[in-house]
Amino acid sequence: MNFKTMSLISAVALALPTLGMADADDDSLMINEEIKIVTKASAPAHMDGAVDEVMSGWHFRADGTQAMQMDDFDNPGMLGVETGEDIWNEVDGSEGKSCASCHGESASMAGVKAVYPKWNDSAEKVFTMQMQINDCRENRMGAETYKADKGGSIPLEALLASVSRGMPVNVATDGPAQATWEQGKDLYYTRTGQLDLSCANCHEDNYGNMIRADHLSQGQINGFPTYRLKNAKLNGVHSRFKGCVRDTRAETYKPGSDEFVALELYVASRGNGLSVEGPSVRN
């Protein structure tokens with residue numbers, strides 16, 4: 001028996017004592033009684049039959065957690081949106097500009113979050129939303145850039161997600177972005193760490209299962225940034241990737257790394273057809 005087989009058996013053995021089924025519910029998500037969120041959709045064609053239907057992580061949460069996201073007054077992630085609005089209107093940098101100086105009200109950005117990550121012609125690489133924010137800050141405002149998933153990057157991304165809620169995720173996987181998308185797909189299906197697990201082992205093969213106290217979802221990221229009750233703050237998707245890779249007991253990548261940019265592109269495309277719903281509320 002080789003090491004890889006032994007590792008997989010060990011991982012399964014660890015999970016078995018608390019493994020159980022808990023299928024996604026059929027509830028409907030309507031935010032503020034006016035923003036209809038598509039939480040289930042036919043799987044994108046590029047998924048090659050891996051799953052027939054894609055589902056928001058909202059379906060895999062308890063009723064109380066679901067309810068928090070249905071009303072902005074109850075959603076703690078909306079505090080981050082308010083902070084993002086303040087940053088949006090704050091003049092910063094050597095050019096004496098704010099985000100609003102070029103773009104006007106934040107509501108004018110509706111639909112932008114739905115297509116990120118996307119190819120940036122000037123940089124000749126795929127940009128995440130946070131990378132685009134930093135590009136504007138550096139080259140338009142003359143302001144300091146943010147670190148990935150830190151500082152103003154999360155509140156601003158939460159703001160831009162909030163004004164796109166209800167709009168369909170439509171991330172491009174072809175053209176110049178295809179090579180990065182393929183890299184992300186490889187990362188998604190590659191087993192790593194002492195537990196010899198890939199993203200797909202949990203979020204494609206075992207969604208709906210309970211492992212210990214965690215209810216496995218499909219790992220959709222249409223709700224990011226997400227407010228996690230576990231750490232009581234808004235979390236960026238790269239930080240969540242880092243935590244998942246770490247949980248396989250592997251050496252992980254850093255938020256903002258080329259690897260996580262590629263993985264974000266691929267995972268975002270798996271949710272094509274779902275609605276943007278960030279900031280969401282999760283465990």
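Me: Let's start with asparagine 32: which loop is it in?
Reply: This is a predicted model, so take everything here as computed. Asparagine 32 comes after β2 (29-31) and before β3 (35-37). That puts asparagine 32 in the loop between β2 and β3.

Me: What is the phi of asparagine 32, and is the residue buried, partly exposed or exposed?
Reply: Most residues other than glycine have a negative phi. Asparagine 32 goes the other way, with a positive phi of about 55° although it is not a glycine. Its relative accessibility is 26%, and since buried means under 20% and exposed means over 50%, asparagine 32 counts as partly exposed.

Me: What about glutamate 124, where is it and what is its phi?
Reply: Glutamate 124 sits in the loop between β6 and β7 (125-127). Glutamate 124 is a residue other than glycine, yet its phi is positive, near 60°.

Me: Is glutamate 124 buried or exposed?
Reply: The cut-off for exposed is over 50% relative accessible area. Glutamate 124 has a relative accessible area of 60%, so it is exposed.

Me: Which peptide bond joins tyrosine 116 to proline 117, cis or trans, and in which loop is proline 117?
Reply: Most peptide bonds are trans. The one between tyrosine 116 and proline 117 has an omega of about 0°, which makes it cis. As for its place, proline 117 is in the loop between α4 (99-103) and β6 (118-120).

Me: And what is the omega between phenylalanine 224 and proline 225?
Reply: Proline 225 lies in the loop between β9 (214-215) and β10 (226-228). A cis peptide bond joins phenylalanine 224 to proline 225, and its omega is about -5°.

Me: How many disulfides turn up in the whole structure?
Reply: A pair of cysteine sulfurs has to be within 2.5 Å to count. Searching the whole structure on that basis gives a total of zero.

Me: Why is cysteine 136 not bonded to cysteine 99?
Reply: Cysteine 99 holds the closest cysteine sulfur to that of cysteine 136. A disulfide needs sulfurs within 2.5 Å. The gap here is too far for a bond because it is 7.3 Å.

Me: Which cysteine sulfur is nearest to that of cysteine 202, and how far away is it?
Reply: Cysteine 202 is in no disulfide either. Its nearest cysteine sulfur belongs to cysteine 244, at 7.4 Å.

Me: Are cysteine 136 and cysteine 202 buried, partly exposed or exposed?
Reply: Buried means under 20% relative accessible area, and exposed means over 50%. Cysteine 136 has 22%, and cysteine 202 has 23%. That makes cysteine 136 partly exposed, and cysteine 202 also counts as partly exposed.

Me: Which residues does tyrosine 207 touch, leaving aside its neighbours within four places in sequence?
Reply: Tyrosine 207 is in the loop between α8 (199-203) and β8 (209-211), and at 27% relative accessibility it counts as partly exposed. Serine 217 is 10 residues away in sequence, with a C-alpha to C-alpha distance of 4.8 Å. Serine 217 is one of the contacts, and the list reads Val51, Met55, Phe60, Cys202, Leu216, Ser217 and Gln218.

Me: Is threonine 180 buried or exposed, and which residues does it contact beyond four places in sequence?
Reply: Threonine 180 lies in helix α7 (residues 178-189). With a relative accessible area of 15%, threonine 180 is buried. Leaving aside neighbours within four places in sequence, its contacts are Val126, Ala262 and Leu265.

Me: How far apart are the C-alpha atoms of aspartate 74 and aspartate 174?
Reply: Aspartate 74 is in the loop between α2 (63-69) and α3 (78-89), and it is partly exposed, at 45% relative accessible area. Aspartate 174 is 100 residues from aspartate 74 along the chain. Their C-alpha atoms are separated by 39 Å.

Me: Zooming out, how many helices and strands does the protein chain have, and what is its radius of gyration?
Reply: The protein chain has 10 helices and 12 strands. The globule rule gives 19 Å for 283 residues, and the chain comes close to that, so it is as compact as a globular protein of that length. Its radius of gyration is 19 Å.

Me: What percentage of the 283 residues is buried?
Reply: Among contacts with a separation of 6 or more, 69% involve residues 24 or more positions apart. The protein chain exposes about 13900 Å², with carbon and sulfur atoms supplying 50% of it. Buried residues make up 48%.

How values were computed
Residues numbered from 1 in each chain as written. Predicted model: local features only at pLDDT ≥ 70, side-chain atom pairs only at ≥ 80, totals over all residues. Heavy atoms only, no water. Buried < 20%, exposed > 50% of the residue type's maximum accessible area, 1.4 Å probe, protein only. Helix = DSSP H or I, 4+ residues; strand = E, 2+ residues; numbered from the N terminus. Rg over C-alpha atoms; globule rule 2.2 N^0.38 Å. Contact = heavy atoms within 4.5 Å. Areas by Shrake-Rupley, 256 points an atom, 1.4 Å probe, with all protein chains shown as cover.
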